[in-house]
Amino acid sequence: MIGHIFPFYLHFKGGKGIASLAGFILATDWKCFSFLLIVGGIAAVIVNYGCAISFSAASLFPVICSVKLQSVAAFAILTVCSVAIIYKHMDNIQKIRAHKEMPIRQFLGNYIFGRG
């Protein structure tokens with residue numbers, strides 16, 4: 001997963017860390033994936049930004065997985081991956097603070113429901 005977050009062929013920028021995390025979760029436990037998607041969706045609606053889905057999944061999955069497996073090692077490894085994912089999303093947080101990131105409700109109104 002770290003290789004997807006910091007790909008060498010993109011000079012360690014860009015990457016698809018959250019996509020690889022989502023694929024890993026979906027492949028290992030679809031119920032956990034569904035739960036995290038629902039929790040993330042609720043969080044995104046509450047805070048009005050899509051990155052809440054990524055942040056909530058990256059934050060909750062290490063806890064859920066380590067409790068389920070009763071493994072401190074799983075918690076440590078997944079926490080490192082989650083911290084890396086959140087770190088790589090710091091640009092999104094800066095955009096939100098600068099009001100340069102489009103809120104979910106505005107996006108839905110403009111592009112999905114055609115009210116823009």
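**Entry 1: overall layout**

Reading along the sequence, I noted the pattern α-α-α-α-α-α-α for this protein, and I kept in mind throughout that the model is a predicted one. My tally of the secondary structure came to 7 helices and 0 strands. I then looked up the extent of the C-alpha trace, which spans about 50 × 35 × 25 Å along its principal axes.

For burial, I found that 29% of the 116 residues count as buried. The exposed surface comes to about 7,700 Å², and I noted that carbon and sulfur atoms supply 69% of it. I also looked at how contacts are spread along the chain: taking those between residues at least 6 apart in sequence, 54% join residues at least 24 apart.

**Entry 2: helices H4 and H5**

I turned next to a pair of helices, bearing in mind that two packed helices are described by the angle between their axes and the distance between the axes. Helix H4 covers residues 51–69 and helix H5 covers residues 72–88, and their axes come within 9 Å of each other and cross at roughly 175°. Angles over 145 degrees count as roughly antiparallel, and H4 and H5 are therefore roughly antiparallel to each other.

I listed the residues that make this contact: H4 contributes Phe55, Ala58, Ser59, Phe61, Pro62, Val63, Cys65, Ser66 and Leu69, while H5 contributes Ala74, Phe75, Leu78, Thr79, Ser82, Ile85 and Ile86. Sorted by class, the contact of H4 with H5 holds 12 nonpolar and 4 polar residues, and no charged ones.

From that list I picked out Ser82, which lies in helix H5, and asked whether Ser82 is buried or exposed. Its relative accessible area is 6%, so I recorded Ser82 as buried. Leaving aside residues up to four places away in sequence, Ser82 touches Ala58 and Pro62, both of which appear among the H4 residues of the contact.

**Entry 3: Asn48**

I then went to Asn48, which is found in the loop between helix H3 (30–47) and H4. The phi angle of Asn48 is near 70°, and I flagged this as a positive value in a residue other than glycine. With a relative accessible area of 15%, Asn48 falls under the 20% cut-off and is therefore buried.

Which residues does Asn48 touch, not counting those up to four places away in sequence? I found Ala43, Pro103, Ile104 and Arg105. I followed up Arg105, which is 57 residues from Asn48 along the chain, and found the two C-alpha atoms separated by 6.5 Å. A polar atom of the Asn48 side chain lies 3.0 Å from the backbone nitrogen of Arg105.

**Entry 4: His99**

Last, I checked His99, which sits in the loop between helix H6 (90–97) and helix H7 (104–112). The phi angle of His99 is near 60°, again a positive value in a residue other than glycine. His99 has a relative accessible area of 69% and is exposed, whereas Asn48, which also has a positive phi, is buried.

Conventions: Residues numbered from 1 in each chain as written. Predicted model: local features only at pLDDT ≥ 70, side-chain atom pairs only at ≥ 80, totals over all residues. Heavy atoms only, no water. Helix = DSSP H or I, 4+ residues; strand = E, 2+ residues; numbered from the N terminus. Buried < 20%, exposed > 50% of the residue type's maximum accessible area, 1.4 Å probe, protein only. Contact = heavy atoms within 4.5 Å. Areas by Shrake-Rupley, 256 points an atom, 1.4 Å probe, with all protein chains shown as cover. Axes fitted to C-alpha atoms, helices over the stretch in contact; angles between N-to-C directions. Parallel < 35°, antiparallel > 145°, perpendicular 65-115°, else oblique. Nonpolar A, V, L, I, M, F, W, Y, C, P; charged D, E, K, R; others polar. Polar contact = N/O pair within 3.5 Å; in protein donor to acceptor, adjacent residues only side chain to side chain.
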